[in-house]
Structure formats: C-alpha cells, structure tokens
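Reader: I would like a close look at one part of this model, namely its aromatic ring pairs. Please give the cut-offs behind each term as you go.

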Amino acid sequence: MRKLVYYIAVSLDGYIAGPGGEFDFYPLSEEMAAWINTRYPETLPTHVRRHVGIDDVPNKVFDTLVMGRGTYEPALAVPTTSPYSHLRQYVVSGTLTIDDPAVEVETGDPVELVRRLKAEDTGMDIYLCGGGRLAGSLLPEIDEIILKSYPVVAGAGIPMFSGGFDPTMFTPTRRESFDNGAQVTWLTRT
C-alpha cells in the first residue's frame with residue numbers, strides 16, 4: 001500500500017510558513033538545494049524545476065500530491081493553475097474552483113480521498129504538501145514525516161499541524177545535517 005508522506009519545512013518554533021504564507025525566511029544553502037533536487041526533485045514546483053534545470057528529471061518518490069487551498073493559491077501569482085504538472089494534483093477545498101483538468105479539487109472528506117489514493121497500486125507514494133490545517137485533519141493517515149528543520153524562529157505563522165489535541169507517536173529512523181544548520185529527519189508512524 002502507498003504511504004502518505006508529509007514532506008515539510010519547519011522553523012524551530014513549529015511553523016511551516018509565516019502569517020502571510022511567507023517561506024522565504026528559511027536559510028537554504030547550495031548543498032541542501034542540490035540534495036533536494038537530487039533526492040526529491042518532484043517536490044519542487046514545475047516552474048522552479050525549469051529554473052534549476054531539472055524539468056526532465058523523473059519523479060523518484062512521489063507521483064501524487066495533496067495540498068490545501070492556502071498551499072495552492074500562491075501558484076496563481078506565478079501564474080499557473082497547475083503548479084506541479086509532473087504529479088497528479090489534488091487540492092482540498094470546499095470553496096475553490098479550478099479550470100484546469102490537471103488539478104482535481106476535492107470538496108469532500110480529505111481522509112476518504114487519501115484512503116482511495118493509498119489503495120492505488122502505482123509504486124510511488126503520496127506527497128502531502130501542506131498546510132497545517134490539512135495535515136491536522138489527515139494526521140490519522142500520515143505514515144511518514146520528512147521534516148526539514150531549519151535553525152530559525154518564525155515567531156508566528158502557520159503551524160505544522162492545526163487541529164485538536166491528538167498525541168500521535170512517530171519514530172525517527174534517519175537524520176541528515178547540512179551546512180546551513182538545517183537537518184532532515186525521517187519519522188515513521190509508531
């Protein structure tokens with residue numbers, strides 16, 4: 001069965017973005033960028049892949065992406081309606097309409113969507129791209145977290161998980177460190 005993997009950047013105080021959706025405060029280094037481009041190229045939006053010269057690199061881990069409206073909407077400023085055209089894209093929203101056949105809007109229960117996607121036999125996992133409220137509602141279905149922890153305090157913003165109190169254990173299985181002080185930790189549901 002496919003896994004739902006929450007691959008996410010987070011500040012020391014647990015925020016994935018600033019109050020206005022900002023994420024440019026994370027100190028990215030050339031070493032870490034090269035690592036992301038090599039290891040998880042499909043996690044970069046299509047226009048960024050073109051910019052860094054990896055637009056023709058095949059997906060390595062994920063073939064499907066699930067995101068919330070707040071994660072999707074910045075793509076419209078690029079402008080594009082299909083920010084991850086190299087993946088099957090699902091946007092969870094009860095109010096958004098998208099006129100692009102490459103992006104499917106899920107107006108129903110995101111848990112049911114993920115369960116349907118997990119039941120498919122594609123050989124690749126599902127990338128939970130964000131945000132915190134969607135991650136909170138999908139917590140029962142998250143199988144793995146790939147946490148890019150950056151040595152910065154945001155002070156306020158969008159939390160990594162938003163929702164009710166629901167202690168859920170994950171076991172760290174691996175960690176890598178980078179020259180910018182960031183660490184990537186793989187955690188598997190216990």
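Author: What follows describes the aromatic pairs, with the criteria stated where each term comes up. This is a predicted model, in which local features need pLDDT of at least 70 and side-chain atom pairs count only at pLDDT 80 or more, while totals for chains, interfaces and linings use all residues. Residues are numbered from 1 along each chain as its sequence is written, and side-chain values use heavy atoms, with hydrogens and water left out.

Rings of Phe, Tyr and Trp (its six-membered ring) pair if their centres lie within 6.5 Å, and planes under 30 degrees apart count as stacked, over 60 as edge-to-face and the rest as tilted. By this rule there are 11 aromatic pairs. In one of them, the ring centres of Tyr 26 and Tyr 150 are 4.7 Å apart and the planes stand at 35°, so this pair is tilted. Tyr 26 lies in the loop between strand 2 (15-17) and helix 1 (30-39), and Tyr 150 in the loop between strand 7 (142-149) and strand 8 (158-159), so the pair ties together parts 124 residues apart in sequence; helices (H or I, at least four residues) and strands (E, at least two) are DSSP runs, numbered from the N terminus. Tyr 26 and Tyr 150 are buried, a term that means under 20% relative accessible area (1.4 Å probe, protein chains only).

Tyr 40 and Phe 62 form a stacked pair, at 6.3 Å centre to centre with 25° between the planes. Since Tyr 40 lies in the loop between helix 1 and helix 2 (46-51) and Phe 62 in strand 3 (residues 62-68), this pair ties together parts 22 residues apart in sequence. Both Tyr 40 and Phe 62 are buried, and ring pairs link them with Tyr 7, Trp 35, Tyr 84, Tyr 127, Phe 178 and Trp 186 into a cluster.

Key: Buried means under 20% relative accessible area, exposed over 50%, partly exposed in between (1.4 Å probe, protein chains only).
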